[in-house]
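The following exercises are to be worked with the sequence and the coordinates at hand. Each task is followed by a solution in steps.

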Amino acid sequence: MRNKLIEKYGSKCYLCEEDFASLKQITIDHYIPKSKGGPEDISNFRLAHEKCNSLKADMLYEDFLEFQESLK
């Protein structure tokens, strides 16, 4: 699945837009969190660094972007 997502979205974290230094850094995140009704389907999966994925937790993508801006 990871390879399919790399083909579809490239090899950058969708949250911070930085390249992955290695495959070990890649986690699969739910674009719409399961807790908010997101489907368990490849169309809802994105590639993210483990740190970024943990920071996003169960936020919606837009909420995460706002949260990141508030940290600056």
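**Exercise 1: Cysteines and disulfides**

C13 is buried, its relative accessible area being 1%. The model is a predicted one.

Task: Determine how many disulfides the structure holds, and examine the sulfur atoms of C13 and C52.

Solution. Step 1: A disulfide requires two cysteine sulfur atoms within 2.5 Å. Step 2: For C13, the closest cysteine sulfur belongs to C16 and is 3.8 Å away, too far for a bond. Step 3: For C52, the closest cysteine sulfur is that of C13, at 3.8 Å, which is again too far for a bond. C52 is also buried, with a relative accessible area of 11%. Step 4: The count of disulfides in the structure is 0.

**Exercise 2: Positive phi values**

Task: State where E17 lies and whether E17 is buried or exposed; then treat A57 likewise.

Solution. Step 1: E17 is found in the loop between α1 (2-9) and β1. Its phi is near 65°, a positive value in a residue other than glycine. Step 2: Exposed means over 50% relative accessible area; E17, at 57%, therefore counts as exposed. Step 3: A57 occupies the loop between α2 (50-56) and α3 (61-71), and its phi, near 50°, is likewise positive in a non-glycine residue. Step 4: With 49% relative accessibility, A57 counts as partly exposed.

**Exercise 3: The surroundings of T27**

Task: Identify which side chain makes a polar contact with the side chain of T27.

Solution. Step 1: T27 is placed in strand β1 (residues 26-30). Step 2: Apart from neighbours within four places in sequence, T27 is in contact with R46, L47, A48, H49, E50 and N53. Step 3: The side chain of N53 makes the polar contact with that of T27, at 3.0 Å.

Methods:
Residues numbered from 1 in each chain as written. Predicted model: local features only at pLDDT ≥ 70, side-chain atom pairs only at ≥ 80, totals over all residues. Heavy atoms only, no water. Helix = DSSP H or I, 4+ residues; strand = E, 2+ residues; numbered from the N terminus. Polar contact = N/O pair within 3.5 Å; in protein donor to acceptor, adjacent residues only side chain to side chain. Contact = heavy atoms within 4.5 Å. Buried < 20%, exposed > 50% of the residue type's maximum accessible area, 1.4 Å probe, protein only.
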